[in-house]
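Here is a walk through one protein model, going from a sheet and its covering helix to a single side chain and then to a pair of helices. The model is a predicted one.

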Amino acid sequence: MDEASTIGVKAVTLSEMANHGRIFMKITNKLVVALSALALMAGTASAERYVMVTHGEGKDPFWPVVQKGGEDAARHIGADFEYVYTPSADMGDMAKSIAAAAATQPDGLVVSLPDPEALGQAIKDAVASGVPVITMNSGLESSAAVGALMHVGQPEYLAGQSAGARAKAEGATSALCMMHEQYNTALNDRCNGYGEGVPLASTVDTTSDPATITSRAAAALQANPGVDSVLSVGPHTCVGVQQAIDELGMSVHHSCFDLSPPVMDMINAGKVAFTIDQQQRLQGYMPIIVLHLYNNGAGLLPGANIPSGPGFVDKSNASSVAALAGVDR
């Protein structure tokens, strides 16, 4: 074979190789695209999914911050997140929501526990079906009994005691406790703890309806002219009760639980002495992170429940906290 022929053979061989290379690249590119699509689909299919079920009725500004905390945590770990609340305030409805959520077999369930008797069995059933559960916000004392891994929230009786001790030190001697959820053991604990420091003349059922809170608070204040202090156990309750106090022209020591922009304004105006901050964003955020670690770390869990409060917000620090009220606290 002469040089030209040899060169020709090489030239043909190189051309074929180039052609084969182009074909190979096309196939490879298509394969990469296909594999990428499959990976994306697999990632989507295998994404962790968490459901949070709370007793929030949609009227209390406390709960959107909890929801935001859960959403933020899910986004940070790349998980799917669903928030379910109970607009009826009926614990039977909430138990059904827990059961429905558990039936979808999420990677974890986060549940507030305001009424352990009404909700306990639904939570136990969820745990028995293999769904890990963390309780949050309310129900600390019953969390372990219903099978939850742990609880995230403040010790409510202690928070009430702290509020009562401070109110007593500030001159309160007789009080009304304004409570918007009579079924909620956490709110009862707040009132009872407060009562250790300042004797309670009565606990008032205000309901969660803003239109009703003011009228019921006004009626209770008029029926108990000897009281010199009031505890409101929620931010919207605090607003409605203060409206009643203003309309009646009364001067009483008013303290509250939780934060909202109007509550911060009332503290800065000197109308509300203080509010208890339980950092509800942490109550939404931390359970999702803990469940993620539990599912991906061979059962990794903190060594104890996570207390998110209590802490005091008063005129000395209200301005620095105000920007976070209703957003992160």
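Helix α6, residues 185–197, lies across four strands: β6 (175–179), β7, β8 and β9. Relative to β6, helix α6 runs at about 170 degrees.

These strands belong to an open sheet of 6 strands with mixed pairing, in the order β7-β6-β8-β9-β10-β11. The edges are taken by β7 (200–205) and β11 (311–314). Each of the two has a single partner strand, so one side of each is left without a neighbour in the sheet. On average, and with direction ignored, neighbouring strands in this sheet are turned by 20 degrees against each other.

Within the sheet, β8 (residues 229–232) and β9 (residues 253–257) run parallel and are joined by 4 bridges. Val-230 has His-254 of β9 as its bridge partner.

Next comes a residue of another helix. Glu-156 lies in helix α5, which covers residues 156–169. Is Glu-156 buried or exposed? Its relative accessibility is 5%, and because buried means under 20%, Glu-156 counts as buried. Beyond its neighbours within four places in sequence, Glu-156 is in contact with Asn-137, Ala-186, Asp-189, Arg-190, Phe-257 and Gln-278.

The last topic is a helix pair. Helix α3 (residues 91–103) packs with helix α4 (residues 116–128) at an angle of about 5 degrees, and their axes are 9 Å apart. Angles under 35 degrees count as roughly parallel, and α3 and α4 are therefore roughly parallel to each other. On the α3 side the contact is made by Met-91, Met-94, Ala-95, Ile-98 and Ala-102, and on the α4 side by Ala-118, Leu-119, Ala-122, Ile-123 and Ala-126. The residues of this contact comprise 10 nonpolar, no polar and no charged.

Note on methods. Residues numbered from 1 in each chain as written. Predicted model: local features only at pLDDT ≥ 70, side-chain atom pairs only at ≥ 80, totals over all residues. Heavy atoms only, no water. Axes fitted to C-alpha atoms, helices over the stretch in contact; angles between N-to-C directions. Parallel < 35°, antiparallel > 145°, perpendicular 65-115°, else oblique. Contact = heavy atoms within 4.5 Å. Nonpolar A, V, L, I, M, F, W, Y, C, P; charged D, E, K, R; others polar. Buried < 20%, exposed > 50% of the residue type's maximum accessible area, 1.4 Å probe, protein only. Pairing = 2+ DSSP bridges.
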